[in-house]
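Trainee: I should like to learn how the features of a protein model are read. May we work through one case together?

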Amino acid sequence: MSIVLAARNEESAISRRLEELLMHLKDSELTGEIVLVSNGSMDATVARAREFETTGLVRVLELPDNVGKSAALTMACQSLGSDVIVFADVRQTWADDALPKMLENFADPRVGAVSGDLVLQSSTGVLAGVGLYWRFEKWLRRTESLIHAQVGVTGAISAVRRELFRPIPQGTILDDVYWP
């Protein structure tokens with residue numbers, strides 16, 4: 001499997017995230033790689049990420065221009081040879097067992113995609129309403145999954161069989177609703 005991570009100007013968080021994802025690979029004893037696609041970063045994101053290429057498990061794709069997250073994800077996915085693509089974001093962290101729990105679902109050949117469970121921390125002020133929206137969104141996805149018709153996934157923690165992934169048109173805002 002390949003973990004795909006799109007980033008733009010994430011120099012302050014990229015090292016932490018790559019260390020965490022490498023730990024997930026090691027602890028899960030799964031065979032895989034991490035592909036970071038830098039979407040026109042103008043800071044030290046690429047330089048910091050390239051420090052991880054010596055592990056042999058991290059590959060950095062550098063796009064000189066900001067083509068948008070959807071196009072960056074598509075370009076990264078076109079370079080993969082693995083059977084399963086796992087999508088991650090830079091800012092989130094995963095539970096220790098998140099990767100094997102997501103991937104075990106693919107033992108069933110009828111499963112095409114899997115969404116992880118993003119947990120939002122409590123917020124105040126402007127972001128306080130996000131919690132209510134997110135609880136509704138998660139309820140809706142659980143309900144949809146009961147009839148095997150989930151419309152979207154959580155882009156920060158999801159996976160798809162590579163053969164089922166289709167290119168996401170440039171400019172698409174909700175990539176995690178488009179490709180599922």
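Mentor: We shall proceed from the overall fold to the sheet, the covered elements, the salt bridges and the surface.

Mentor: The model is predicted: local features need pLDDT of at least 70, side-chain atom pairs count only at pLDDT 80 or more, and totals for chains, interfaces and linings use all residues. Residues are numbered from 1 along each chain as its sequence is written, and side-chain values use heavy atoms, with hydrogens and water left out.

Trainee: How many helices and strands does the chain have, and which pattern do they follow?

Mentor: Helices (H or I, at least four residues) and strands (E, at least two) are DSSP runs, numbered from the N terminus. Here there are 6 helices and 6 strands, and along the sequence they follow the pattern β-α-β-α-β-α-β-α-β-α-β-α.

Trainee: What is the order of the strands in the sheet?

Mentor: Two strands pair if DSSP finds at least two bridges between them. In this model the 6 strands form an open sheet with the order 3-2-1-4-6-5 and mixed pairing. Its edge strands, each paired on one side only, are strand 3 (58-63) and strand 5 (113-115). Both senses of pairing can be illustrated. Strand 1 and strand 2 are parallel over 6 bridges, and Val 4 has Val 35 in strand 2 as its bridge partner. Strand 4 (residues 84-88) and strand 6 (residues 157-161) are antiparallel over 5 bridges, with Ala 88 partnered by Ile 157.

Trainee: Which strands does helix 1 touch?

Mentor: Contact means heavy atoms within 4.5 Å; axes are lines fitted to C-alpha atoms, for helices over the stretch in contact, and angles run from 0 to 180 degrees between N-to-C directions. Helix 1 (residues 14-28) packs on the sheet and touches strand 1 (2-7), strand 2 (33-39), strand 3 and strand 4. The direction of helix 1 makes about 170 degrees with that of strand 1.

Trainee: Is strand 1 mostly covered or mostly uncovered?

Mentor: Residues are classed by relative accessible area: buried means under 20%, exposed over 50%, and partly exposed in between (1.4 Å probe, protein chains only). In strand 1, 6 of its 6 residues are buried, so defined. Ser 2, Val 4 and Ala 6 point one way, while Ile 3, Leu 5 and Ala 7 point the other way. Helix 3 (residues 69-77) is also mostly covered, with 7 of its 9 residues buried; what covers those buried residues includes strand 1, strand 2, strand 3, strand 4 and helix 6.

Trainee: How many salt bridges are counted?

Mentor: The rule requires a side-chain nitrogen of Lys or Arg within 4 Å of a carboxyl oxygen of Asp or Glu. The count comes to 11. In one of them, Glu 20 and Arg 17 have their closest N and O atoms 2.6 Å apart. These two residues are 3 residues apart in helix 1, which means a separation of about one helical turn. Glu 20 is buried at 11% relative accessibility, and Arg 17 is buried at 0%. Another salt bridge joins Glu 33 and Arg 59, with the closest N and O atoms 3.4 Å apart. Because Glu 33 lies in strand 2 and Arg 59 in strand 3, this pair ties together parts that are 26 residues apart in sequence.

Trainee: Where is Ile 173 found, and is Ile 173 buried or exposed?

Mentor: Ile 173 is in the loop between strand 6 and helix 6 (175-178). With a relative accessible area of 74%, Ile 173 is exposed.
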